[in-house]
Amino acid sequence: MKTKTTDVLILLLTTAFILACTLVSVQAQTTTQQPQTQDATQTQTTQAPNLQTELGLTPDQIQKWRAMNQELRPQEIAGSVKVRQTKLALAEAMEAQNPNEDMIKQRAKELADAQSVMTQLQALRQARMLQILTPDQRVKLKEIRERNQALRRANQQQTMNGLNQRQRLKRSNAPLLNPAERRAVRRQQKPLK
């Protein structure tokens, strides 16, 4: 159970990291269309707070980050498309009129392979990013990730509390039945054969 939780946590953190990198990549593409001057670089870093500004990246680090994004982004886009296509193919195989188990297994393997490629790309991106950062920036990145994770947990908890509250309201409107009465109601609801 712990390994599943750890795997899910790693996947969530990696996804958040990729989203942050994508944001930086988009910003990098829009700023490279304009002449790159010292003033333009300062304006970019003083805009909306993002990972670059929170980490305090130097111009050299930003340049390396952009190069990494330009190299990995096309592979990530192709990988995302492949994952989406294999998910659809698997769904079609499962929902077919006459499901073929061998076909379902093949489609599931293709999906797993596509997801594996995406995980490898995410790990490669994260390793390269960590190589760009200084030890202090790595500590700061860890703090940012922990803060974002805590926010996600709080949001999930609020969502669950809202669902639980709705369930309690539904139950409070329903008449309270003892187990024998519930069984009798279920028997009455079963269709006659």
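**Gln61**

I began with the side chain of Gln61, which in this predicted model reaches the backbone nitrogen of Thr58 at 2.8 Å. I then looked up where Gln61 sits, and found the residue in helix H4, the helix that runs over residues 59–95. Is Gln61 buried or exposed? I noted a relative accessible area of 6% for Gln61, and because buried means under 20%, I entered Gln61 as buried. For its surroundings I set aside the neighbours within four places in sequence, and was left with Gly56, Ile132, Leu133, Thr134 and Gln137 as the residues in contact with Gln61.

**Salt bridges, whole structure**

I next searched the whole structure for salt bridges and noted seven. I followed up some of them individually, as entered below.

**Arg128 and Glu71**

I looked up the salt bridge that Arg128 forms with Glu71, and recorded 3.0 Å between the closest N and O atoms. What does this pair tie together? I placed Arg128 in helix H5, residues 101–132, and Glu71 in helix H4, residues 59–95, so the bridge ties together parts that lie 57 residues apart in sequence. As for accessibility, I entered Arg128 as partly exposed at 26%, and I entered Glu71 as partly exposed too, with a relative accessible area of 44%.

**Arg73, Glu76 and Arg125**

I turned to Glu76, whose side chain meets that of Arg73 in a salt bridge, at 3.7 Å from N to O. Both Glu76 and Arg73 belong to helix H4, where they are three residues apart, or about one turn of the helix. I checked how accessible the two partners are: Arg73 counts as partly exposed at 24% relative accessibility, whereas Glu76 counts as buried at 1%.

Which other side chain meets Glu76 in a salt bridge? I found Arg125, with an N to O distance of 2.8 Å to Glu76. Since Arg125 lies in helix H5 and Glu76 in helix H4, I noted that this pair ties together parts 49 residues apart in sequence. I also looked up the accessibility of Arg125, which at 1% counts as buried.

Putting these entries side by side, I recorded Arg73, Glu76 and Arg125 as linked in a network of salt bridges. Within that network, I have the Glu76 to Arg73 bridge inside helix H4, and the Arg125 to Glu76 bridge running between helix H5 and helix H4.

Key
Residues are numbered from 1 along each chain as its sequence is written. This is a predicted model: local features need pLDDT of at least 70, side-chain atom pairs count only at pLDDT 80 or more; totals for chains, interfaces and linings use all residues. Side-chain values use heavy atoms; hydrogens and water are left out. A salt bridge is a side-chain nitrogen of Lys or Arg within 4 Å of a carboxyl oxygen of Asp or Glu. Helices (H or I, at least four residues) and strands (E, at least two) are DSSP runs, numbered from the N terminus. Buried means under 20% relative accessible area, exposed over 50%, partly exposed in between (1.4 Å probe, protein chains only). A polar contact is a pair of N or O atoms within 3.5 Å; within protein, one must be able to donate a hydrogen and the other to accept it, and residues adjacent in sequence count only if both atoms are side-chain atoms. Contact means heavy atoms within 4.5 Å.
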